[in-house]
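Okay, thanks for making room for me on the agenda. I'd like to walk you through one structure, starting at the ligand and working outwards.

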Amino acid sequence: MTDGYLWFEGLPFPRVGWSCEGLKEACTKFVIKDEDTVMVSYPKSGSHWVIEILCLIHSKGDTKWIQSVPIWECAPWLETDVGYKMLNEREGPRLLASHLPFHLFPKSLFTSKAKVIYLMRSPKDVLVSGYYHRTVTKLTKNPESLEQYFQWFLEGNASVLAVCNLHPCAYPAVSYGSWFEHVRGWMSMRDRENVLLLSYEELQKDPRSTIERICQFLGKKLDPEELDSVLKNSSFQVMNQNKMSNFEILSETFTTKNFKITRKGICGDWKNHFTVAQAEAFDKFYQEKMAGFPKGLFPWE
Ligand code: A3P
């Protein structure tokens, strides 16, 4: 078990599986190809749900791939040491995933025609999901309570360090930095033809139509039975049973026993956790940080 974070370009990253050399290579040298599909999200936004959907769309509903290959190999994480290596060795159209903030993402993306899906989720639910994730993983310093994690989440990264003159490791933060900066950064890509904005909330509300929208964006035509299979096999219940996608088989180097990525899988779990005062403080902070975006852009507002 390790404490603290790996610091790269002023942002905190998990210590196990990430390295400064690897991050530097991924951020500056990786070449995104036109035929790639890229899933980008802030951690705990439902990334693996969308990856499972993308895999199933790719295989036209056939479950062989998702039942035989770990999800982190189906769509390797660009900025992890293992993921970067896998992607570089892969031929043909690749499915890749990343939590990198916009300003660190490899610049080759901006001149490529790769299809990019940016996934978002209500930050209050991201916070709660992230808190539980950190109580069962060994990737970073773990919070003592939800209240403490609440503070870390709002702070996001160690931007106050310069002022406080503290060493980064002395100041707890959240992996990949601020949710607010992440979403703000990627929003600048939202009008591009090759970018699809997706939310956890719309997937929950109407999974079938949302999957159809993804297919349309990717230029994939599925017949009704194939679509049924994508829908069924990416459902919370089925993913929760699939060892290749629920993280049960992940080494105990990373997690404690019984870790599963499929925790609760609902919208609005924050209501079971935030006090009234926390909800009010969060809303105030949110409004300051997210001012200026058009109404209706974020389904949780
Ligand atoms: P909760 O912790 O709120 O349950 P990520 O993949 O980005 O780490 O996100 C994990 C979150 O997505 C978890 O949220 C998890 O339960 C949820 N999730 C995973 N698979 C899901 C599915 N098939 N349907 C709904 N939610 C899912």
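Before the ligand, one bit of vocabulary: when I say polar contact, I mean a pair of N or O atoms within 3.5 Å. With that in hand, look at Ile261, where a backbone N or O atom lies 3.5 Å from an oxygen atom of the ligand. Gly265 also uses its backbone: a polar atom there is 2.7 Å from a ligand oxygen. And then there's Trp49, which brings in its side chain, with a polar atom 3.5 Å from a nitrogen of the ligand. How much of the ligand does the protein bury? Taken alone, the ligand exposes 570 Å², and 98% of that is buried by the protein.

I should say right away that this is a predicted model. The protein chain has a mean pLDDT of 91, and 94% of its residues reach 70 or more. The stretch to watch is residues 159-169, where pLDDT stays under 50. The model does give that stretch 11 contacts beyond four places in sequence, but please keep the pLDDT there in mind.

Back to the pocket residues. The ligand is surrounded by 19 residues, and the closest are Ser47, His48, Ser129, Lys264 and Gly265. By type, the shell splits into 10 polar, five nonpolar and four charged. Which helix gives the most to that shell? That's helix 2, with three residues. Helix 2 covers 47-58, and along with helix 10 (200-205) and helix 13 (236-241) it is among the helices that each supply at least two shell residues.

Next, Thr262, which sits in the loop between helix 13 and helix 14, the latter being 276-289. Buried or exposed? Thr262 is buried, because its relative accessible area is 11% and the cut-off for buried is under 20%. Its side chain makes a polar contact of 2.8 Å with the side chain of Asn240. Leaving out residues up to four places away in sequence, Thr262 touches Phe236, Met239, Asn240 and Asn246.

For contrast, go to Gly296, in the segment after helix 14. Gly296 has 71% relative accessibility, so it counts as exposed, the cut-off for that being over 50%. If you want a ruler across the model, take Gly296 and Pro224: they are 72 residues apart in sequence, and their C-alpha atoms are 30 Å apart in space.

That's my tour. Happy to go back to any of it.

Definitions and conventions
Residues are numbered from 1 along each chain as its sequence is written. This is a predicted model: local features need pLDDT of at least 70, side-chain atom pairs count only at pLDDT 80 or more; totals for chains, interfaces and linings use all residues. Side-chain values use heavy atoms; hydrogens and water are left out. pLDDT is the predictor's confidence in each residue, from 0 to 100. Contact means heavy atoms within 4.5 Å. A residue is near a molecule or strand if one of its heavy atoms lies within 4 Å of it. A polar contact is a pair of N or O atoms within 3.5 Å; within protein, one must be able to donate a hydrogen and the other to accept it, and residues adjacent in sequence count only if both atoms are side-chain atoms. Accessible areas come from the Shrake-Rupley method with a 1.4 Å probe; for residues, only the protein chains shown count as cover. Helices (H or I, at least four residues) and strands (E, at least two) are DSSP runs, numbered from the N terminus. Ala, Val, Leu, Ile, Met, Phe, Trp, Tyr, Cys and Pro count as nonpolar, Asp, Glu, Lys and Arg as charged, and the others, Gly among them, as polar. Buried means under 20% relative accessible area, exposed over 50%, partly exposed in between (1.4 Å probe, protein chains only).
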